[in-house]
Amino acid sequence: MNDNRFDELERRIAHLESRIGGEAAPERAARGANPLMGVLHAWRREAEEQSLPGTVGYAGYVAGRELLWARQIPLAELLPADWGPAAGILESLGSQPRLALLGALLREGRRTNVDLQEALGANQGDATSGQLYHHLRELQGSGLITQKRRGEYELVPQAVIPILTILAAAMNVATDPPVVPPVNR
């Protein structure tokens with residue numbers, strides 16, 4: 001190969017590398033498969049540069065409601081934090097009837113107590129109005145839903161993406177095959 005052609009190839013490679021920010025091939029490939037992987041690799045670089053233990057985060061978008069949400073929590077803050085306030089949320093989400101009510105509100109938006117009674121009945125069989133109000137009080141008490149008018153409920157907008165994130169993570173843990181370290185024999 002002559003020098004001119006070699007110089008041209010070097011220039012083209014440099015141009016391509018500058019367009020992708022000089023990232024390593026595995027990082028580019030991972031980001032292409034899932035756009036969040038680029039964020040993940042940036043978090044990793046940041047943690048390594050600052051000698052931090054790591055970070056977790058979540059993001060989401062819900063069309064129709066124009067909800068955008070993103071949070072990043074460094075492990076240095078999360079691990080020593082008081083996790084007590086999370087218990088009420090997790091308890092609310094740990095109930096099949098409450099998940100049915102949240103599902104109806106997520107899928108259909110604002111609902112009346114009659115609509116929610118139907119959603120609860122579809123999940124529980126013959127659910128009483130007392131059971132419905134018990135579950136609605138619990139969801140209101142944990143700040144996940146609000147009553148706009150008498151007998152009409154909706155999700156608190158700032159809770160939508162976090163609820164969906166918790167559900168997605170729980171579904172991943174429940175359905176993904178376990179990842180275990182290799183065993184040396």
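Me: Contact means heavy atoms within 4.5 Å. Leaving aside neighbours within four places in sequence, which residues is Ile145 in contact with?

Reply: Quick heads-up: this is a predicted model, where local features need pLDDT of at least 70 and side-chain atom pairs count only at pLDDT 80 or more, while totals for chains, interfaces and linings use all residues. Residues are numbered from 1 along each chain as its sequence is written, and side-chain values use heavy atoms, with hydrogens and water left out. Setting those sequence neighbours aside, Ile145 is in contact with Leu102, Leu105, Leu136, Leu139, Gln140, Tyr153, Glu154, Leu155 and Val156.

Me: In the open sheet of three strands, what is the strand order?

Reply: Helices (H or I, at least four residues) and strands (E, at least two) are DSSP runs, numbered from the N terminus, and two strands pair if DSSP finds at least two bridges between them. S3 (111-112) and S4 (145-149) each pair on one side only, which makes them the edge strands. S4 and S5 (residues 152-155) are antiparallel partners over four bridges. Put together, the order is S3-S5-S4.

Me: Which element gives the largest share of the largest nonpolar core?

Reply: That core (buried Ala, Val, Leu, Ile, Met, Phe, Trp, Tyr and Cys residues joined through side-chain atoms within 4.5 Å) has 23 residues, and Ile145 and Leu155 are among those touching the most other members. Two or more residues each come from H6 (96-108), H7 (113-124), H8, S5 and H9 (157-175). With five residues, the largest share belongs to H6.

Me: Why do the buried residues of H8 sit on the same side of the helix?

Reply: Buried means under 20% relative accessible area, exposed over 50%, partly exposed in between (1.4 Å probe, protein chains only). In H8, the buried ones are Leu132, His135, Leu136 and Leu139. They sit on the same side because their arc around the axis, taken from the directions from the helix axis to the C-beta atoms, is only 100 degrees.

Me: Which exposed residues are on the face of H8 turned away from its buried side?

Reply: H8 (residues 129-141) packs on the sheet and touches S4 and S5. Look at the face turned away from the buried side, and the exposed residues there are Arg137 and Gly141.

Me: In S2, what is the bridge partner of Tyr58?

Reply: S1 (residues 55-62) and S2 (residues 67-74) run antiparallel and pair over eight bridges. They form a hairpin with four residues between them, and Gly64 in the turn has a positive phi of about 85 degrees. Across in S2, the bridge partner of Tyr58 is Arg71.

Definitions and conventions: Axes are lines fitted to C-alpha atoms, for helices over the stretch in contact, and angles run from 0 to 180 degrees between N-to-C directions.
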